[in-house]
Amino acid sequence: MRLKSTTGAALAAAALLATGACVSDDTNQASSDSALSGSGTGADCTIDETVKIGAVFSLTEAAAFAGTYQQEGLAMGFEELNAAGGITYEVIQEDDKTSVEDSVAAFGKLIDRDEVSAIVGPTLSNMAFTTYTDAESAGVPALGVSTTAEGIPEMGDYIFRASLPEEVALAASIPAAKEALGLAKVAVLYDNADEFTTSAANTIKDVLTDEGIEIVAEETFETADTDFAAQLTSVLEAEPDAVILSALPGATVPLVKQARNLGIEAPIVGGNAFNSPVLVGALEDASEGLIVGGAWSAAADTTGNAEFIANYTEKYGRAPDQFAAQAYTAAYLLDQAIRADCDANREAIKDNLGQILEYDSILGPISIDENGEVTQEAVVQIVHDGAFTLL
Ligand code: 1QQ
């Protein structure tokens with residue numbers, strides 16, 4: 001349960017005063033800056049001081065397939081909001097280079113040096129499990145846009161996500177694949193060295209049990225592996241109706257290509273990392289028939305989606321993906337939270353981000369509850385001729 005800052009801060013201050021202690025807010029500068037609190041509310045809110053928003057994405061190395069799109073989507077969202085007026089946002093972008101260590105350093109810089117009001121990111125759940133402990137203890141709201149593993153919003157009162165949980169995506173994609181393909185028995189393959197892929201593997205097994213689908217082969221590998229001959233030989237022998245794969249693109253590309261070369265023709269159902277045109281492009285012909293659940297579709301008739309796709313494509317010279325769409329949405333969700341009390345201090349953002357109800361976004365109606373968890377519909381897509389289409 002989150003306390004409204006007024007209550008929490010007042011209680012804390014009263015307790016400190018009662019003991020004669022001096023009340024200092026040094027560790028949480030942006031929460032004590034009166035210039036970040038403006039006048040008016042909602043669309044009429046005006047804040048004089050520039051609101052600094054930190055962003056930590058993987059712009060290089062393994063997760064750059066998603067991070068580069070996220071950077072673009074977030075930047076475009078805040079540019080639109082700046083043009084609308086009333087509040088001026090400055091995005092301070094950091095690259096965590098797909099490394100936990102760099103992600104921690106980036107969070108530290110944004111929290112202490114830049115004194116941002118909130119942080120968007122990081123790209124991978126694998127980093128979030130470490131960086132979010134720092135955001136939480138510093139009292140800085142962090143909003144994940146692709147952190148889909150189980151247990152993330154539960155990390156603290158300042159931790160939120162606008163990233164469709166993998167549990168929700170798989171609970172949509174596996175039953176949809178079962179219905180479309182008549183699945184009775186499947187093979188499960190997963191990366192057991194990454195937080196997101198191992199968390200998803202647990203969900204996959206739960207959903208398969210619920211759906212009465214038998215697991216005839218279960219194989220693991222590690223994020224940096226490139227040779228999957230042993231695992232795929234077992235899969236081939238088990239003759240599954242489909243392969244459920246929980247992996248990041250680095251392993252997915254060689255694994256799927258090797259599976260096809262070995263003669264495994266079973267359809268492949270993947271996780272969140274499959275929602276990427278970069279992955280589909282790298283897989284070439286082996287992408288045909290991939291099924292994935294996700295947060296966004298280019299084909300969805302959601303509010304503003306067609307305009308978002310047109311503007312993004314014109315601005316960046318390529319079409320957006322799900323990761324861009326989620327980051328773009330995050331800009332608007334933060335703006336909603338800030339405008340609610342016309343206050344861009346950390347405490348106000350923390351209080352209001354968990355009160356968003358059915359915000360009409362390009363992802364469809366989206367809510368964030370007081371525990372920091374998102375609610376939105378999942379879409380299930382299949383790749384045909386190198387493009388995502390609704391299943
Ligand atoms: C996570 C994910 C990744 C696939 C995002 C790029 O969903 O780490 O949670």
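Which residue takes a positive phi in the hairpin of strand 14 and strand 15? Asp385 does, with a value near 50°, and the hairpin has two residues between its strands. Keep in mind that what you're looking at is a predicted model. With that said, let's walk outward from this hairpin.

**The sheet around the hairpin**

Strand 14 and strand 15 pair in the antiparallel sense, over four bridges. If you want one pair to click on, take Gln381, whose bridge partner in strand 15 is Leu390. On the other flank, strand 14 pairs with strand 10, again in the antiparallel sense and over four bridges. Here Ile291 has Ile382 of strand 14 as its bridge partner. Strand 14 is mostly covered, with five of its six residues buried.

Now zoom out a little. These strands belong to an open sheet of seven, and the order across it is 7-6-8-9-10-14-15, with mixed pairing. Strand 7 (214-221) and strand 15 (387-390) sit at the edges; each has a single partner strand, so one side of each has no neighbour in the sheet. From one strand to the next, the twist averages 25°. As a reminder, strands of a sheet pair through backbone hydrogen bonds, and they can do that either parallel or antiparallel.

For a parallel example, go to strand 8 (residues 242-246) and strand 9 (residues 268-270), which pair in that sense over three bridges. Val243 stands opposite Ile268 of strand 9 there.

**Helices on the sheet**

Which strands does helix 5 lie across? Helix 5 (residues 166-181) lies across strand 8, strand 9, strand 10 (291-294) and strand 14 (379-384), and it runs at about 145° to strand 10. Leu181 is part of this helix. Leaving out residues up to four places away in sequence, Leu181 touches Pro267 and Ile291. Ile291 is the residue we met above as the bridge partner of Ile382. Leu181 is also 60 residues along the chain from Asp241, yet their C-alpha atoms are separated by 8.1 Å. Is Leu181 buried, exposed or in between? Its relative accessible area is 36%, so it counts as partly exposed.

Helix 6 (residues 195-211) lies across strand 6 (185-191), strand 7 and strand 8, running at about 165° to strand 6. Over at strand 7 you'll find Glu214, which touches Ala184, Lys185 and Val186 once residues up to four places away in sequence are set aside. To get a feel for the span of the sheet, try Glu214 and Gln381: they are 167 residues apart in sequence and 23 Å apart in space, C-alpha to C-alpha.

**A pair of crossing helices**

Helix 11 (residues 322-341) and helix 12 (residues 346-353) have axes that come within 8 Å and cross at roughly 110°. That angle makes helix 11 roughly perpendicular to helix 12. On the helix 11 side, the contact is made by Leu333, Leu334, Ala337, Ile338, Ala340 and Asp341, while helix 12 brings Ile349, Asn352 and Leu353. By class, that comes to seven nonpolar, one polar and one charged residues.

**Backbone oddities**

Most residues other than glycine have a negative phi, and most peptide bonds are trans. Here are two loop residues with positive phi to set beside Asp385:

| Residue | Phi | Loop | Relative accessible area |
|---|---|---|---|
| Glu61 | near 70° | between strand 1 (51-57) and helix 2 (64-84) | 59%, exposed |
| Glu284 | near 55° | between helix 9 (277-283) and strand 10 | 53%, exposed |

Where is the cis peptide bond? The bond from Gly121 to Pro122 is cis, with omega near 0°. Pro122 is in the loop between strand 3 (118-120) and helix 4 (125-138).

**What the record says**

UniProt, in an unreviewed entry, places the feature "domain: Leucine-binding protein" at residues 50-382. Over that stretch, the chain is 46% helix and 20% strand, and its end C-alpha atoms are 43 Å apart.

Note on methods
Residues numbered from 1 in each chain as written. Predicted model: local features only at pLDDT ≥ 70, side-chain atom pairs only at ≥ 80, totals over all residues. Heavy atoms only, no water. Pairing = 2+ DSSP bridges. Axes fitted to C-alpha atoms, helices over the stretch in contact; angles between N-to-C directions. Contact = heavy atoms within 4.5 Å. Parallel < 35°, antiparallel > 145°, perpendicular 65-115°, else oblique. Nonpolar A, V, L, I, M, F, W, Y, C, P; charged D, E, K, R; others polar. Buried < 20%, exposed > 50% of the residue type's maximum accessible area, 1.4 Å probe, protein only. UniProt positions renumbered as here; feature names shortened; annotations may be inferred.
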